[in-house]
Amino acid sequence: MIKSILSFVFLGIVLTSCNCSKVAKGDGASKLEGSWELNYISGSSVDFDALYPNTKPTINFNLPEKRVSGNNGCNSFNGALVVTGHKIDLTGPMAVTKKMCPQAQEGERLFMGTLPKITSYDITDEGKTLHFISGDIALMRFTRK
């Protein structure tokens, strides 16, 4: 009986220690924290600088509060953030201000329409470049601000 109890305790300790190491190793999401500026977006035949003539879109990640916010080239936005490993879900409702920016309408529409398509992310260049990916296609690229 004592051997069985000790075996279960030992097994519990082993499983708990394995679980802790997985959390520590898989904490790639912490690299998302902070502000990023868009420098590439797919889906438009219009030149990037013409899409965003005045303000380049930005995205800010607040991991402790599980929030995302930023500017889409005209209006500010914010919403819930769901990140699991390198998977990211931006399909939740976003609150968006309603300024009128006629010269940035297409860029704003493209940016906000692309966010819900993102399924994962990758951070390269020693943490300086963020790629938003849908399936296996990079749809957006940001640089750390």
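**Fold, nonpolar core and the β8-β9 hairpin**

In the predicted model, the order of elements along the sequence is α-β-α-β-β-β-β-β-β-α-β-β-β. The protein thus comprises three helices and ten strands. Of its 145 residues, 31% are buried. Among contacts with a separation of 6 or more, 51% link residues that lie 24 or more positions apart. The exposed surface of the protein amounts to about 8,900 Å², of which 59% is supplied by carbon and sulfur atoms.

The largest nonpolar core contains 26 residues, and the members that touch the most others are F61, F132 and M140. Two or more residues of this core are contributed by each of the helices α2 (48-51) and α3 (105-114) and by each of the strands β1 (34-41), β2 (58-62), β8 (120-124), β9 (129-134) and β10 (137-144). Such an arrangement can be set against a general tendency: in soluble globular proteins, nonpolar side chains tend to be buried together.

The surroundings of F61 were examined further. When residues up to four places away in sequence are excluded, F61 is in contact with L32, E33, G34, W36, R67, V68, L81, I88, L130 and F132. F132, one of these partners, is also among the core residues with the most contacts to other members.

Strands β8 and β9 run antiparallel and are joined by five bridges. Within this pairing, D122 has H131 of β9 as its bridge partner. The two strands form a hairpin with four residues between them. In the turn, D125 adopts a positive phi of about 55°.

How values were computed:
Residues are numbered from 1 along each chain as its sequence is written. This is a predicted model: local features need pLDDT of at least 70, side-chain atom pairs count only at pLDDT 80 or more; totals for chains, interfaces and linings use all residues. Side-chain values use heavy atoms; hydrogens and water are left out. Buried means under 20% relative accessible area, exposed over 50%, partly exposed in between (1.4 Å probe, protein chains only). Contact means heavy atoms within 4.5 Å. Accessible areas come from the Shrake-Rupley method with a 1.4 Å probe; for residues, only the protein chains shown count as cover. A nonpolar core is a set of buried Ala, Val, Leu, Ile, Met, Phe, Trp, Tyr and Cys residues joined through side-chain atoms within 4.5 Å. Two strands pair if DSSP finds at least two bridges between them.
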